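Reader: I would like to learn how to read a ligand site and the pockets of a model, with the cut-offs stated as we go.

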Amino acid sequence: MKKIAVFASGNGSNFQAIHDAVESGKLRAEIKLLVCDKPGAFVIERARKAGVPVLEFSPKQYASKVEFETMLHEELQKNDVDYIVLAGYMRLIGSVLLKHYPERIINIHPSLLPAFPGVDAIGQAVATGVKVTGVTIHFVDEGMDTGPIIAQRAIDIQDGATKDEVAQKVHEIEHEFYPETLDKLFEGKR
Ligand code: GRF
C-alpha cells in the first residue's frame, strides 16, 4: 500500500475526496501527512477532523525554496512517503522535491492541458468560450502544469453557462476522478 502526502493550500475539497476514498477502500493508499503552505487554510481543519497529521509552514520564514523543500523532504522521509499528491497546492515544486520524487509527484488541474495552465483555468475556459473543458491529472515537472499527462476527463460547457456552474461540474468530476486515477496508478494499472 502506497504512502502519500497530500499538499494543499486552500479549501481542500480534493483532500477530502481523497481521504474519503481511502476510508471507504476505493483508494488503496495511506495518507501520512497533509502539507499546507497557508497557515489557517480550511484544508487544515478538514485534516484535523479526519485525524490526518498536519505539517503547516510559512514559506516566508525560510530563506529560499531549497531551504523549505529540504525541511519538507526530511519530514516526508520520516513518514516513509512514496508519492506526493498535489491538490490545490498553489506553488511550483522546486528542484529538491523533484530530484527526490521523480515521477512520484502528481497534480490535478481543472482544464484539458495544455489548454489553460496556471491560475483560474475555469475562468479562462469560460471567458474564451470553449465548448469543452475538463480535468487533467499529470506528473509534475519544473514547469507550470506541464508534466506528462496521466489521465484526462472532458466535460461539455453548455451555451451561457456561468463560471460557477462550470466550476461545480469540474469539481464533481475531480472528486471521483482523482482518487480513481491514483488508485490505478498505485496498483500499476495505467
Ligand atoms: C482544484 O480545482 C484543482 O484542480 C486545482 O485547485 C483546486 C483545488 O480545490 N489544482 P480544493 O482546494 O481541492 O477544493
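Author: A backbone N or O atom of Gly12 lies 2.8 Å from an oxygen atom of the ligand, a polar contact being a pair of N or O atoms within 3.5 Å. This is a predicted model, in which local features need pLDDT of at least 70 and side-chain atom pairs pLDDT 80 or more, while totals for chains, interfaces and linings use all residues. Residues are numbered from 1 along each chain, and side-chain values use heavy atoms, without hydrogens and water.

Reader: Which side chains have a polar atom by an oxygen atom of the ligand, Asn11 being one of them?

Author: For Asn11 the distance is 3.2 Å, and for an N or O atom in the side chain of Glu174 it is 2.3 Å. The protein buries 85% of the 370 Å² that the ligand exposes when taken alone, areas coming from the Shrake-Rupley method with a 1.4 Å probe.

Reader: How is empty space found, and what is the volume of the largest pocket?

Author: Rolling a probe the size of a water molecule over the atoms shows where empty space is left. A pocket is an open set of points on a 1 Å grid over the protein atoms alone, where a 1.4 Å probe fits, with protein on both sides within 12 Å along at least five of seven lines, and its lining residues have an atom within 4 Å of a point. The largest pocket has a volume of about 800 Å³, and 34 residues line it, with Gly88, Tyr89, Met90, Ile108 and Pro110 nearest its centre.

Definitions and conventions: Polar contact = N/O pair within 3.5 Å; in protein donor to acceptor, adjacent residues only side chain to side chain. Points joined across faces, edges and corners; volume = space filled by probe spheres on them.
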